[in-house]
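Biologist: I've got a protein on my screen and a pile of beginner's questions. Could you walk me through it?

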Amino acid sequence: MSEIIDGKKISAQIKDEVKEKVAAYAKEGIEITLAVVLVGNDPASAVYVNNKKKACEYTGIKSLSYELPEETTEEELLELIEKLNADDKVNGILVQLPLPKAIDEQKILDAISPLKDVDGFHPQNVGALSIGKKGYVSCTPFGIIELLKRSGVEITGKNAVIIGRSNIVGKPMAMLMLRENATVTVTHSKTVDLKNVTNKADILIVAIGKPKMITAEYVKDGAVVIDVGIHRMDNGKLCGDVDYEAVAPKCSLITPVPGGVGPMTIAMLMQNCVNSVEIIKAAK
Ligand code: NDP
């Protein structure tokens with residue numbers, strides 16, 4: 001039977017470490033500020049933004065809130081981002097996704113200064129990650145690396161298989177695992193015989209967006225399984241992309257849903273806010 005990788009506990013440790021660093025910076029007269037931009041009335045986005053603000057409060061990071069109406073135009077949003085880019089008091093800018101359909105999401109993400117891109121979505125930060133330069137790393141994959149390391153998982157030399165190639169999870173995950181010296185395979189919807197590939201994984205990272213798709217026959221005995229997926233089932237409970245009950249007995253370590261990868265994303269956002277101090281200083 002597997003052991004659980006406790007994302008709640010590890011994310012709490014990281015937030016406490018961030019809190020200490022924020023307090024140390026405060027002693028030097030440095031305040032860290034995150035600007036959080038929410039456009040429209042999506043209830044899930046409102047919950048995410050609220051959780052991010054709460055994490056800021058806990059860690060001592062100042063948060064500035066910009067809640068804009070659904071009818072906000074692309075020009076108006078770009079204007080706000082320009083203002084925040086130019087504001088020396090703002091360290092990080094976070095635009096909650098998804099944006100209303102009338103706004104070009106990529107255009108907005110590209111407009112955020114790479115020096116304040118605490119979500120790690122700007123092409124410059126994506127490029128920096130792939131060539132091993134310093135920069136912001138997308139929070140969810142960054143959090144998964146922390147989960148693995150803090151659970152004592154040796155990554156070097158291991159076969160890591162990632163299911164999913166999205167820009168926010170799969171691709172940066174692959175780059176990070178490569179940076180940690182894993183032998184990396186990225187799979188997707190066109191992969192032929194997925195089970196055959198995943199059965200070679202020492203570390204299997206699942207980011208498909210399909211509830212409980214990964215059953216026991218996809219998983220090698222003793223593998224470490226990281227489940228990024230998050231879904232609300234008809235009974236109101238949450239589940240992941242992995243069929244937890246079926247897979248857990250087969251692997252050595254597994255992340256539950258909820259309480260696995262989910263809490264790490266916000267913790268790493270807080271970590272990126274702290275990292276902003278050095279990133280901005282290095283660019284001056
Ligand atoms: P996307 O929908 O952007 O990407 C899904 C990926 O899965 C695609 O690359 C797709 O392939 C691949 N895929 C789909 N079907 C199959 C299949 N049958 N076999 C193999 N691969 C397949 O999702 P995200 O990466 O944004 O998110 C994935 C999951 O993680 C979602 O459940 C999301 O809610 C969750 N999530 C959780 C976060 C957290 O904080 N816990 C943060 C971000 C996401 P192709 O490219 O060919 O279409």
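Modeller: Sure, we'll go through domains, pockets, the sheet and a few local details, bearing in mind that this is a predicted model.

Biologist: Let's start broad. How far apart are the centres of domain 1 and domain 2?

Modeller: The protein is split into domain 1, covering 29-116, and domain 2, covering 139-262. Take the centre of each one over its C-alpha atoms, and the separation comes out at 29 Å.

Biologist: Now the empty spaces. What is the volume of the largest pocket?

Modeller: Rolling a probe the size of a water molecule over the atoms shows where empty space is left. For the largest pocket here, the volume is about 1400 Å³.

Biologist: Which residues are closest to the centre of the largest pocket?

Modeller: The lining of the largest pocket draws at least three residues from each of domain 1 and domain 2. In total, 47 residues line this pocket. The ones closest to its centre are Tyr-48, Thr-140, Ile-230, Gly-262 and Thr-265.

Biologist: Which element gives the most to the lining of the largest pocket?

Modeller: Several elements supply at least two residues each, among them α1 (7-27), α6 (139-150) and α10 (262-283). By class, the lining has 26 nonpolar, 13 polar and eight charged residues. The top contributor, with nine residues, is α2.

Biologist: And the second largest pocket: which element gives the most to its lining?

Modeller: That pocket holds about 520 Å³ of space. It is lined by 20 residues, and those nearest its centre include Lys-133, Gly-135 and Ile-279. The elements giving two or more residues to this lining are α5 (123-130) and α10. With seven residues, the one that gives the most is α10.

Biologist: I can see some strands side by side. Which are the edge strands of the open sheet?

Modeller: Strands of a sheet pair through backbone hydrogen bonds, either parallel or antiparallel. This open sheet has six strands with parallel pairing, in the order β1-β11-β8-β7-β5-β6. An edge strand pairs on one side only, and here those strands are β1 (3-4) and β6 (183-187).

Biologist: Zooming in, what is the bridge partner of Leu-204 in β8?

Modeller: Look at β7, residues 203-206, and β8, residues 224-227: they pair in the parallel sense over four bridges. Find Leu-204 and cross over to β8, and you land on its bridge partner, Val-225.

Biologist: Where is the proline that follows Val-257 in a cis peptide bond?

Modeller: The bond from Val-257 to Pro-258 is cis, with omega near 0°. There's also a cis bond joining Leu-97 and Pro-98, and Pro-98 is found in the loop between β4 and α4 (105-111). As for Pro-258, its place is in the loop between β11 (253-254) and α10.

Biologist: What is the phi of Asn-181?

Modeller: Asn-181 is in the loop between α7 (170-179) and β6. It isn't a glycine, but its phi is positive, at about 70°.

Biologist: Last one, on rings. How far is Lys-19 from the ring centre of Tyr-58?

Modeller: A search of the whole structure finds zero aromatic pairs. There are charges over rings, though: the charged end of Lys-195 sits over the ring of Tyr-218, 5.3 Å from its centre. Lys-19 lies over the face of Tyr-58, and its distance from the ring centre is 4.3 Å.

Methods:
Residues are numbered from 1 along each chain as its sequence is written. This is a predicted model: local features need pLDDT of at least 70, side-chain atom pairs count only at pLDDT 80 or more; totals for chains, interfaces and linings use all residues. Side-chain values use heavy atoms; hydrogens and water are left out. Rings of Phe, Tyr and Trp (its six-membered ring) pair if their centres lie within 6.5 Å; planes under 30 degrees apart count as stacked, over 60 as edge-to-face and the rest as tilted. A charge sits over a ring if NZ of Lys or CZ of Arg is within 6 Å of the ring centre and within 35 degrees of the ring normal. On a 1 Å grid over the protein atoms alone, a cavity is a set of points where a 1.4 Å probe fits but cannot get out, and a pocket is an open set with protein on both sides within 12 Å along at least five of seven lines; lining residues have an atom within 4 Å of a point. Grid points are joined across faces, edges and corners, and a volume is the space filled by probe spheres set on the points. Ala, Val, Leu, Ile, Met, Phe, Trp, Tyr, Cys and Pro count as nonpolar, Asp, Glu, Lys and Arg as charged, and the others, Gly among them, as polar. Domain bounds come from an automatic or database domain assignment. Two strands pair if DSSP finds at least two bridges between them.
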